[in-house]
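Here is a friendly walk through one protein model, with a look at its packing and its open space. Have the viewer ready and follow along.

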Amino acid sequence: MKSLKAFLSLTAAVALAVMLPACGGTSPSDATVTIEDLVVGTGPAAVTGDTVVVTYVGTFTSGTQFDAGSNFVVRLGQGNVIKGWDQGIPGMQVGGKRRLTVPPELAYGKTGNASIPGNSTLKFDITLTLIAGK
């Protein structure tokens, strides 16, 4: 009987994984950053491991701003920022401006953070101003 219950649970999980995308949903492992290049830069491109300087504005999907910064320094791929930034900034060229739409799984998740409620999709307009050493 336990084997049958385990099999049925596994079958239900597989069916959900197959059907969820068809219904327009995503599973946490399917979470991706949506990248929109507003201005393509002309300088060198950032790669994971680079230390970059950016200017940014963060908003909720409603358009309400929750944060902004200039001359913000971050080393990409080190986990010092949300995963959405570590995934969305590489490939940007100096002088470029990019809009990232970051799902909760790659931002602050279910719990949120200070002024950001849990399960929030966030938008960031980021301008790459400098890549250290390039």
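Leaving aside its neighbours within four places in sequence, which residues is Thr 101 in contact with? In this predicted model, the partners of Thr 101 are Thr 32, Val 33 and Thr 34, together with Thr 121, Leu 122 and Lys 123. Thr 101 sits in strand β4. Its relative accessibility is 19%, so Thr 101 counts as buried, given that the cut-off for buried is under 20%.

Now to the nonpolar packing. The largest nonpolar core holds 26 residues, and Val 52, Trp 85, Val 102, Phe 124, Ile 126 and Leu 128 have the most contacts inside it. Two or more residues of this core come from each of β2 (51–60), β3 (65–75), β4 (97–102) and β5 (122–131). The largest share, 5 residues, is given by β5.

Leu 128 is worth a click. Beyond its neighbours within four places in sequence, Leu 128 touches Ala 46, the run Val 52, Val 53 and Val 54, and also Met 92, Gln 93, Val 94, Gly 95 and Gly 96.

Next comes the open space. The largest pocket encloses about 200 Å³ and has 14 lining residues. Those nearest its centre are Tyr 56, Asp 67, Ile 82, Tyr 108 and Phe 124. The strand that gives the most to this lining is β3, with 3 residues. By class, the lining breaks down like this:

| Class in the lining of the largest pocket | Count |
|---|---|
| Nonpolar | 10 residues |
| Polar | 3 residues |
| Charged | 1 residue |

Phe 124 links the two parts of this tour: it is listed among the core residues with the most contacts, and Phe 124 is also one of the residues nearest the pocket centre.

Definitions and conventions: Residues numbered from 1 in each chain as written. Predicted model: local features only at pLDDT ≥ 70, side-chain atom pairs only at ≥ 80, totals over all residues. Heavy atoms only, no water. Core = buried A, V, L, I, M, F, W, Y, C linked by side-chain atoms within 4.5 Å. Buried < 20%, exposed > 50% of the residue type's maximum accessible area, 1.4 Å probe, protein only. Helix = DSSP H or I, 4+ residues; strand = E, 2+ residues; numbered from the N terminus. Contact = heavy atoms within 4.5 Å. 1 Å grid on protein atoms, 1.4 Å probe; cavity = no way out; pocket = protein on both sides within 12 Å on 5 of 7 lines; lining within 4 Å. Points joined across faces, edges and corners; volume = space filled by probe spheres on them. Nonpolar A, V, L, I, M, F, W, Y, C, P; charged D, E, K, R; others polar.
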